[in-house]
Amino acid sequence: MPQSIFIKTFRRFPFNHYLGKGEKMNKNTTYKESSTTSNFIKNIIEEDIRTNKHNGRIHTRFPPEPNGYLHIGHAKAICLTFGLAEEYKGLCNLRFDDTNPTKEDVEYVESIKEDIHWLGFDWGDRLYYASDYFDILYEYALKLIKDGKAYVCDLSPDEIREYRGTLTKPGKNSPYRSRTVEENLKLFEKMKNGEFDNGACVLRAKIDMTSPNMNMRDPIMYRIIHAEHHRTGDKWCIYPSYDFTHGQCDSIEKITHSLCDLGFEGHRPLYNWFIENLEIFPSRQIEFARLNLSYTVLSKRKLRELVEGNYVSGWDDPRMPTLSGLRRRGYTPESIKDFCERIGMAKAESLVDIALLEHCLREDLNKHAPRVMAVLHPLKIIIDNYPEGKIEELDAVNNPEDSSMGTHKVPFSREIFIEQNDFMENPPKKFWRLSPGKEVRLRYAYFIKCVKVMKDNDGNVVELHCTYDAKTKGGNAPDGRKVKATLHWVSSKHAIDAEVRLYDRLFTVENPLAEQDDFKNYLNPKSLEVLTSCKLEPSLTNAKVGIHYQFERLGYFCMESKDSSNKKLVFNRTVTLRDQWEKIQKAQKQKK
């Protein structure tokens with residue numbers, strides 16, 4: 001096999017790549033798959049159906065390893081495997097590749113099942129484990145030994161690596177490669193019976209140590225691992241490798257289309273070799289480009305580093321690209337599936353701009369998220385000419401995108417809170433928000449004008465005194481005068497206290513793994529800001545987990561699913577209303 005098979009094309013598709021010619025990014029934009037990302041897998045399936053291969057039957061599988069939580073890259077594979085089965089009226093199995101008992105846990109099994117269901121897919125009665133087939137796989141190994149195509153090798157891991165050669169240098173045969181069938185059968189039996197220590201020997205396929213494809217240089221089929229398995233207990237102390245498990249499990253389950261990421265492209269000849277030499281059902285392996293997303297990492301091993309090093313609070317930290325983390329942050333399954341559909345299927349790897357994922361989320365939330373008012377950095381205003389003790393119930397629109405969602409009441413009183421950054425005592429040109437002597441509109445309420453600024457001993461603005469125009473109720477002046485700013489606000493007397501967590505991107509660089517030093521050096525120190533003195537409108541007293549809200553002018557938020565309680569409300573910012581990241585990056589470059 002040519003060495004070029006190990007080299008991956010790596011392209012970056014910017015956000016605008018997903019826009020049609022002449023389109024601009026706005027809330028009405030509809031994204032279409034580019035011709036470069038057309039789903040070539042569908043073409044294969046449709047050709048198989050046309051030729052009546054497997055009697056037109058379509059059967060896929062999703063085979064996660066239960067050694068961590070799924071991330072958004074897995075979502076792409078889930079949408080593909082389950083989605084294609086649905087589209088072509090086929091079946092999709094869920095099969096856990098549980099062949100390494102030292103790294104697996106029931107916790108991961110349950111989280112994976114939850115994530116798949118959350119995305120809206122179901123495996124019916126087709127939940128399987130590789131461990132279901134350990135007895136069959138063992139018999140397959142015996143067949144290859146008897147056929148002279150597998151042998152027990154006593155080389156150490158370092159020696160195996162040395163004998164294997166390199167991409168430019170062929171390997172050399174193990175001194176144990178010439179063992180007889182009888183000797184190999186006896187040794188393999190001893191391996192199974194626990195008569196050897198971990199690492200003492202392995203079972204290897206006998207293929208070709210000079211193959212240009214290093215995966216074909218007598219790959220390992222079985223290792224000795226004295227560890228209790230989460231399902232089979234201590235029945236086994238030898239465990240099959242992924243390469244020996246993968247294709248055979250596909251064959252046992254009669255999978256027609258075995259979909260894998262490009263990392264397995266070089267393994268396909270081995271996949272086929274095992275099937276052909278075992279003379280079993282010929283599943284077909286098809287590779288597609290894995291998802292790479294900017295400003296994060298989609299390597300389970302790297303994500304584990306972040307968890308075990310306490311760089312994040314856990315696998316479900318809302319900054320993590322895991323599905324549980326995205327769910328906790330407030331991402332919707334609809335937005336993730338839409339994202340996966342838009343990026344399409346490709347044969348070459350690319351770096352997808354995270355702005356596209358955020359756009360899909362905004363587009364989904366914009367349709368159904370109720371609008372409410374919340375003040376995250378409160379500054380108190382006293383409206384001097386508003387009657388003391390008077391309370392008005394104003395109508396606030398729930399969602400301007402959907403009139404059927406109606407309105408809700410918000411209380412208005414003499415004392416209110418606005419955002420601190422909505423006021424400047426000495427504003428620059430084109431600052432249209434509140435400043436001394438300037439008039440602004442309060443959302444759903446009145447025009448107000450700042451007449452007095454109160455400061456503390458350190459010179460910080462702590463309170464404003466304003467007047468209001470009673471004739472401007474609803475936000476319009478009878479005399480036709482205009483204001484250029486509309487501010488959100490919350491009534492001081494009715495506001496509820498809450499903690500709000502502002503999440504941002506996990507890394508400060510677009511592709512952390514492409515940097516020369518440790519990827520963790522590029523963690524964003526500002527990826528989480530916790531605000532503890534926020535003021536929210538009283539309707540949010542009844543907020544529930546799973547319901548999304550647009551905090552007007554601030555972004556989309558949801559109730560924190562683990563830490564929020566009746567005694568302490570906590571909200572997570574899911575995504576901002578607009579992407580501020582490009583502006584920040586541009587400003588930093590200008591400073592340099």
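The exercises below, each with a worked solution, concern salt bridges, a cavity, a sheet and a helix in a predicted model.

**Exercise 1. Find where in the chain the salt bridge partners Glu305 and Lys520 lie, and decide how accessible each of them is.**

Solution. Begin with the general idea that side chains of opposite charge can pair when their charged atoms come close. In the pair formed by Glu305 and Lys520, the closest N and O atoms are 2.8 Å apart. Next, place the two partners: Glu305 belongs to helix 9 (residues 300-308), whereas Lys520 sits in the loop between strand 24 (496-503) and strand 25 (528-536), so that distant parts of the chain, 215 residues apart, are linked. Finally, apply the cut-off, by which a residue is buried when its relative accessible area is under 20% and exposed when it is over 50%. Glu305, at 26%, is therefore partly exposed, and Lys520, at 16%, is buried.

**Exercise 2. Work out which strands are tied together by the salt bridge between Lys535 and Asp497, and classify both residues by accessibility.**

Solution. The two side chains meet with an N to O distance of 2.7 Å. Because Lys535 lies in strand 25 and Asp497 in strand 24, their pair ties together parts of the chain that are 38 residues apart in sequence. As for accessibility, Lys535 has a relative value of 19% and so counts as buried, while Asp497, with 51%, is exposed.

**Exercise 3. Describe the salt bridge between Glu499 and Arg501, and name the network to which these residues belong.**

Solution. The closest N and O atoms of Glu499 and Arg501 are 2.8 Å apart, and both residues are buried. Now look beyond the pair: Glu499 and Arg501 are part of a network of salt bridges that also includes Asp316, Arg328, Glu560, Lys562, Asp563 and Lys568. In the whole structure, a search finds 43 salt bridges.

**Exercise 4. Characterise the largest cavity by its volume and its lining.**

Solution. First, take the count, which gives four cavities of 30 Å³ or more. The largest cavity has a volume of about 150 Å³, and its lining is made up of 15 residues, with Arg319, Leu326, Arg329, Tyr331 and Ile354 lying nearest its centre. The elements that give two or more residues to this lining are helix 10 (323-329) and helix 12 (354-368), and helix 12 gives the most, namely three. Sorted by character, the lining of the largest cavity holds nine nonpolar residues, one polar residue and five charged ones.

**Exercise 5. Read the strand order of the open sheet of seven strands, and identify its edge strands.**

Solution. The order is 13-26-27-28-24-25-14, and the pairing is mixed. The strands that pair on one side only are strand 13 (371-372) and strand 14 (374-375), which makes them the edges. Within the sheet, strand 24 and strand 28 (residues 570-575) run parallel and pair over three bridges; Val500, for instance, has Phe571 of strand 28 as its bridge partner.

**Exercise 6. Compare the span of helix 2 with its expected value, and determine how many of its residues are buried.**

Solution. Helix 2 (residues 72-87) has 16 residues, and from its first C-alpha to its last it reaches 21 Å, close to the 22 Å expected at 1.5 Å a residue. The helix is mostly covered, since 13 of its 16 residues are buried. After helix 2 comes Lys89, which has a positive phi near 55°.

Technical notes. Residues numbered from 1 in each chain as written. Predicted model: local features only at pLDDT ≥ 70, side-chain atom pairs only at ≥ 80, totals over all residues. Heavy atoms only, no water. Salt bridge = Lys/Arg side-chain N within 4 Å of Asp/Glu carboxyl O. Helix = DSSP H or I, 4+ residues; strand = E, 2+ residues; numbered from the N terminus. Buried < 20%, exposed > 50% of the residue type's maximum accessible area, 1.4 Å probe, protein only. 1 Å grid on protein atoms, 1.4 Å probe; cavity = no way out; pocket = protein on both sides within 12 Å on 5 of 7 lines; lining within 4 Å. Points joined across faces, edges and corners; volume = space filled by probe spheres on them. Nonpolar A, V, L, I, M, F, W, Y, C, P; charged D, E, K, R; others polar. Pairing = 2+ DSSP bridges. Expected span 1.5 Å × (residues − 1).
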